[in-house]
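Here is a short tour of one helix pair and two loop residues. Have the sequence and the model side by side as you read.

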Amino acid sequence: MIKIKIKKPRQDEIPAYAAPYIDRLSDDLDPSEILRVNLPTMLEIVRSIELDRLDIPYVKDEWTVKEVLIHIMDQERIYVYRALRFARHDSTDLAPMDHEAYVRNSGVQNRSIDSLLEEYQSVRSASLTFINSLKVNDLDRCGKVGGDVFSVRGIFWLAAAHETHHLNSIRENYLKASSYRN
């Protein structure tokens, strides 16, 4: 089991596109702690938004809060799946995902926010349980996604950075009334 802080990945453990997201997070943090802290934060923020605003993008052609939430869950599931494969020494080059298609085909507009938040909590619980099940040397294992190298450690940092990015976006675009335009 992992009982130490998961250090930031080296540049050779993540693709170049992931580095700017991960670099925004402090080196002193730990991705599992970020994910643990983001859980109640996300719940509080989403619950503070008026129900009728959850299905309306803050500007045209952007995602709604519910779409962002389903996107975070889809990505997190994919990240953990990749980490599982790499931690278990699977050397298959995995295919990237089309996150736009996942959101578009999610049916999220027909779901209640309560069902989404319940699912979000379940996904996060499963992710943290998996992270805590790993041995320290599992974090060093690498695999490829679309030809790009990722370590298990890099995947967890990207998961935390990805969610933090969207959490900040929700704060900026939905909690400031002046930025909300229908």
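In α2, residues P31, I34, L35, N38, T41, M42 and I45 meet F156, W157, A159, A160, E163, T164, L167, I170 and R171 of α6, where contact means heavy atoms within 4.5 Å. Helices here are DSSP runs (H or I, at least four residues), numbered from the N terminus. The residues of this contact divide into 11 nonpolar, 3 polar and 2 charged. Ala, Val, Leu, Ile, Met, Phe, Trp, Tyr, Cys and Pro count as nonpolar, Asp, Glu, Lys and Arg as charged, and the others, Gly among them, as polar.

This is a predicted model: local features need pLDDT of at least 70, side-chain atom pairs count only at pLDDT 80 or more, and totals for chains, interfaces and linings use all residues. Residues are numbered from 1 along each chain as its sequence is written, and side-chain values use heavy atoms, leaving out hydrogens and water.

How enclosed is α6 by the rest of the structure? Largely, because 18 of its 23 residues are buried, that is, under 20% relative accessible area with a 1.4 Å probe, protein chains only.

Now for two residues in loops. Exposed means over 50% relative accessible area.

| Residue | Loop | Phi | Relative accessibility |
|---|---|---|---|
| D61 | between α2 (31-48) and α3 (65-87) | near 70 degrees | 68%, exposed |
| H89 | between α3 and α4 (99-104) | about 70 degrees | 57%, exposed |

D61 has a positive phi and is a residue other than glycine; H89 also has a positive phi although it is not a glycine.

Technical notes. Helices (H or I, at least four residues) and strands (E, at least two) are DSSP runs, numbered from the N terminus.
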